[in-house]
Amino acid sequence: MSSNEVPNDLNDLPKVQKTEVQKPKLQKPKVQRKVRLEVRIEVRLRDFHQRDFSRLCEIDRLCYSEAIAYTPEEMALGLVQPGAFALVAEAGEQVIAFVLAYRKKRSLGNSVGHIVTIDVVEEFRARGIGHRLMESAEQRLRQNGARRIILEVETENGPALRFYKRRGYAIQRLLSSYYADGSDAYLMEKALT
Ligand SMILES: CC(C)(COP(=O)(O)OP(=O)(O)OC[C@H]1O[C@@H](n2cnc3c(N)ncnc32)[C@H](O)[C@@H]1OP(=O)(O)O)[C@@H](O)C(=O)NCCC(=O)NCCS
């Protein structure tokens with residue numbers, strides 16, 4: 001049968017070999033995952049030296065709004081309180097966090113520690129540096145005779161509130177218009193065992 005002839009019977013049709021149709025392989029969509037690039041940096045804690053003063057003021061300004069950040073005068077006043085101490089966290093040669101605290105002298109057996117501020121530069125947060133600073137400050141206050149610790153935290157500062165609650169601090173009361181811009185604070189407290 002020539003190619004122009006029309007077949008009478010379907011059986012006359014030339015046999016076409018069945019070939020497998022290759023289905024295009026569907027590629028799984030690539031899931032974009034946020035990868036936290038962690039560079040392991042050794043962070044050391046040590047006592048504050050006078051030469052750290054301007055860096056502490058700088059970190060405080062980086063961590064808070066202007067209304068809440070301490071002025072250098074307020075920071076200096078905090079450091080000269082009786083029983084005051086500051087611990088700094090250093091990565092390489094740079095101070096990247098600190099805690100400032102002091103122990104208020106009260107009647108025997110009722111001494112109170114006060115965490116004035118704890119500041120970790122943003123890019124170094126959520127690495128346990130705040131935790132280490134708090135542990136060391138609490139230990140120092142306990143050694144100095146404090147039975148409980150108080151601190152103030154802005155009511156809208158969610159990460160700090162969570163941080164303190166996880167470490168056993170409980171809200172005692174609201175301090176209305178505590179900060180210069182009129183924002184409120186919570187007074188929080190933890191009993192030292
Ligand atoms: C509040 C503050 C001091 C916490 O410091 P930090 O170094 O981030 O604290 P940590 O890393 O120890 O803990 C923070 C969180 O990170 C988590 N974390 C700790 N190590 C981690 C790691 N290696 N990987 C992932 N997450 C980690 C902790 O579980 C913790 O969670 P939680 O707060 O829900 O308990 C810090 O956010 C800060 O300086 N804020 C600005 C200033 C401020 O608000 N100060 C307090 C008010 S007075």
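## A central strand pair

β3 and β4 are antiparallel neighbours, held together by eight bridges. In that pairing, valine 99 sits across from isoleucine 118 of β4. Two strands count as paired if DSSP finds at least two bridges between them. Strands here are DSSP runs of E with at least two residues, helices are runs of H or I with at least four, and both are numbered from the N terminus.

A quick word on the model: it's predicted, so local features need pLDDT of at least 70, side-chain atom pairs count only at pLDDT 80 or more, and totals for chains, interfaces and linings use all residues. Residue numbers start from 1 along each chain as its sequence is written.

## The overall layout

The protein has four helices and seven strands. Going along the sequence, you'd read them off as β-α-α-β-β-β-α-β-α-β-β.

Of the 193 residues, 20% count as buried. Buried means that 20 or more other C-beta atoms lie within 10 Å of the residue's own; with 12 or fewer it is exposed, in between it is partly exposed, and the C-beta atoms are placed from the backbone. Take contacts between residues at least 6 apart in sequence: 55% of them join residues at least 24 apart. A contact needs the two C-beta atoms, again placed from the backbone, to lie within 7 Å.

## Walking across the sheet

The seven strands form an open sheet with mixed pairing, in the order β1-β2-β3-β4-β5-β7-β6. β1 (43-47) and β6 are the edge strands with a single partner each, so one side of each has no neighbour in the sheet. On average, neighbouring strands are turned by 25 degrees against each other, direction ignored. For angles like this, axes are lines fitted to C-alpha atoms (for helices, over the stretch in contact), and angles run from 0 to 180 degrees between N-to-C directions.

Start at the β1 edge: β1 pairs with β2 over five bridges in the antiparallel sense, and valine 43 faces alanine 91 of β2. Further along, β4 and β5 run parallel and share four bridges, with valine 112 opposite arginine 148 of β5. β5 (residues 148-154) is then joined to β7 (residues 185-191) by seven bridges, antiparallel this time. At the other edge, five bridges link β7 to β6 (residues 170-175), also antiparallel, and alanine 170 is set against glutamate 189 of β7.

## Helices on the sheet and the core

α1 packs on the sheet, where it touches β2, β3 and β4, and its direction makes about 75 degrees with that of β4. α3 lies across β1, β2, β3, β4 and β5, at about 30 degrees to β3.

The largest nonpolar core has 30 residues, and Phe98, Val99, Ala101, Ile115, Leu133 and Ala137 have the most contacts inside it. Such a core is a set of buried Ala, Val, Leu, Ile, Met, Phe, Trp, Tyr and Cys residues joined through C-beta atoms within 7 Å. At least two residues each come from α1 (53-63), β2 (85-91), β3 (94-104), β4 (112-120), α3 (129-143), β5 and β7. β3 chips in the largest share, with seven residues. Ala137 touches Leu87, Val99, Ala101 and Ile115, leaving aside residues up to four places away in sequence. As for β4, seven of its nine residues are buried.

## Alanine 185 in β7

Alanine 185 belongs to β7 and stands opposite glutamate 154. Alanine 185 is buried because 20 other C-beta atoms lie within 10 Å. Beyond residues up to four places away in sequence, alanine 185 touches Glu152, Val153, Glu154, Thr155, Leu175, Tyr178 and Tyr179. Asparagine 157 is 28 residues from alanine 185 in sequence, yet their C-alpha atoms are 9.1 Å apart.

## Around the ligand

The ligand has 19 residues around it, and the closest are Arg125, Ala126, Gly130, His131 and Ala160. To count as near, a residue's C-beta atom, placed from the backbone, must lie within 6 Å of the molecule or strand in question. β4, α3 and α4 (158-166) each put at least two residues into this shell, and α4 gives the most, with five.

By type, the shell splits into nine nonpolar, five polar and five charged residues. Here Ala, Val, Leu, Ile, Met, Phe, Trp, Tyr, Cys and Pro count as nonpolar, Asp, Glu, Lys and Arg as charged, and the others, Gly among them, as polar.
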